[in-house]
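Thanks for making the time this morning. I would like to walk you through one model, beginning at the ligand and then moving out into the rest of the fold.

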Amino acid sequence: MKLLVTGATGHLGALTVEYLLKLVPAEEIAVSVRDPKKAEKLQALGIDVRYGDYHHPESLDAAFSGINRLLLISTSDMNDRVGQHKAAIKAAKDAKVEFIVYTSAPNAEESGLALAPDHRETERAIKESGIPYSILRNNWYLENELGTIQAVSQGAPWVTSAGGGKVGWAGRRDYAEAAAKVLAGEGHGNTVYELSGKPLTQDELASIVAGVIGRDVPVQHVDDETYGKIMKDAGVPEAMIPFVVDIQKGIREGYLDVESDDFAKVLGRPVTPLAEILREILPQG
Ligand SMILES: NC(=O)c1ccc[n+]([C@@H]2O[C@H](COP(=O)([O-])OP(=O)(O)OC[C@H]3O[C@@H](n4cnc5c(N)ncnc54)[C@H](OP(=O)(O)O)[C@@H]3O)[C@@H](O)[C@H]2O)c1
């Protein structure tokens, strides 16, 4: 049995490989990466490092050769995301991959989030390929809020235009462990999992952060335009502003408010409390 993880030099992929190593021997693990030099440490552990770039389908044919199970981590490159994913799905089909796991978005079928249509289309392409699948609809990494959390640690208010909208935040490491368990486990054929922590409002998360950093975190509710201006002033690149504002709007409209016990079921334990993740990811001192 050979399992392959794409994006293994990214945050989620690297953590997933760490968990996979606890589940299967290194000889059963392969990774497909854009830059094999970045994966030298994995090679030293006995992992089969292969070159694969979603923009170069021929590289994927070689990368996926002899692979039984594939974890397709959604690309971070926004240039033709669906085309990149479809190239990987075709290469998986050609390589006779027997099981494909894909990291999707919350409630991708119906979501109005700007990033959802690409995931929706990818999910469809996977289903149409006929390859048995598991769709991991990852809700929201707590790590996405690290910039805000660091700013509030320095005394800034928690700024949001998401109103009372809720988010199913969880630590990235829980998403990685779930991906490893589904990829290496049994009984996940043709499943869709909504991997969501307990949905919380911005005020509720700010209060958890306050408990961890040991200072008050005032929440400043603003409109989308003001939020965009404040993010720009805080150094978010101009090109990213429509994206970050859309996320706030999407949260306000409820697109990340997904109640599900899938996450705990896949992990075989409760989702890690956010305070515990915060203590791990916040710089000490
Ligand atoms: N649910 C959430 O909260 C959330 C938040 C952020 C992102 N995401 C999604 O989840 C994915 C994984 O998250 P992450 O934190 O691990 O992101 P990340 O660290 O940016 O990793 C993305 C991975 O995609 C790889 N990649 C980009 N373009 C590629 C291409 N043309 N061919 C092959 N690989 C390519 C990158 O390769 P390199 O290592 O060579 O750069 C990297 O390994 C992201 O890509 C994004 O789709 C979800």
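**Around the ligand**

A backbone N or O atom of S76 lies 3.2 Å from an oxygen atom of the ligand. Please keep in mind throughout that this is a predicted model, and that every distance I quote is computed from it. Two side chains also make polar contacts here: a polar side-chain atom of T9 is 2.6 Å from an oxygen atom of the ligand, and an N or O atom in the side chain of R81 is likewise placed 2.6 Å from a ligand oxygen. On its own the ligand has 890 Å² of accessible area, and the protein covers 84% of that.

If you look at the shell as a whole, there are 24 residues around the ligand, and the ones that come nearest are T9, H11, L12, S74 and R81. By character, the shell divides into 13 polar residues, six charged and five nonpolar. As for where these residues come from, at least two are supplied by each of α1, residues 11-23, α4, residues 81-94, and β7, residues 140-141.

Let me turn to the loop between β4 and α4, where we find both M78 and D80. M78 is exposed, with a relative accessible area of 55%, and its C-alpha atom is 9.7 Å from that of L115, although the two residues are 37 apart along the chain. D80 has a relative accessible area of 47%, so it is classed as partly exposed, the cut-off for exposed being over 50%. The backbone of D80 also deserves a second look, since its phi is near 55 degrees, a positive value in a residue that is not glycine. As a general point, most residues other than glycine have a negative phi. Where else does a positive phi turn up in a residue that is not a glycine? N190 has one of about 50 degrees, and N190 is placed in the loop between α7 and β10.

That loop leads us to β10, residues 191-195, and to E194 within that strand. Is E194 buried or exposed? Its relative accessible area is 12%, and because the cut-off for buried is under 20%, E194 counts as buried. The side chain of E194 reaches the backbone nitrogen of N107 at 3.1 Å, and, leaving out residues up to four places away in sequence, E194 touches P106, N107, R137, V258, S260, D262 and F263.

On the other side of β10, in the loop between that strand and α8, sits T201. T201 is also buried, at 13% relative accessibility, and beyond its neighbours within four places in sequence it is in contact with G164, G165, K166 and W169.

I will finish with the nonpolar cores. The largest has 35 residues, and those with the most contacts inside it are V5, V31, L42 and L195. Among the elements that each supply at least two residues to this core are β1, β2, β5 and β10, together with α1 and α11, while α7 gives the most, with seven residues. To take one member, V31 touches, among others, L4, V5, A8, V17, L42 and I47, again not counting residues up to four places away. Apart from this largest core lies another, of 25 residues, including A105, W140, V217 and L282.

Note on methods:
Residues numbered from 1 in each chain as written. Predicted model: local features only at pLDDT ≥ 70, side-chain atom pairs only at ≥ 80, totals over all residues. Heavy atoms only, no water. Helix = DSSP H or I, 4+ residues; strand = E, 2+ residues; numbered from the N terminus. Buried < 20%, exposed > 50% of the residue type's maximum accessible area, 1.4 Å probe, protein only. Polar contact = N/O pair within 3.5 Å; in protein donor to acceptor, adjacent residues only side chain to side chain. Contact = heavy atoms within 4.5 Å. Near = heavy atom within 4 Å. Areas by Shrake-Rupley, 256 points an atom, 1.4 Å probe, with all protein chains shown as cover. Nonpolar A, V, L, I, M, F, W, Y, C, P; charged D, E, K, R; others polar. Core = buried A, V, L, I, M, F, W, Y, C linked by side-chain atoms within 4.5 Å.
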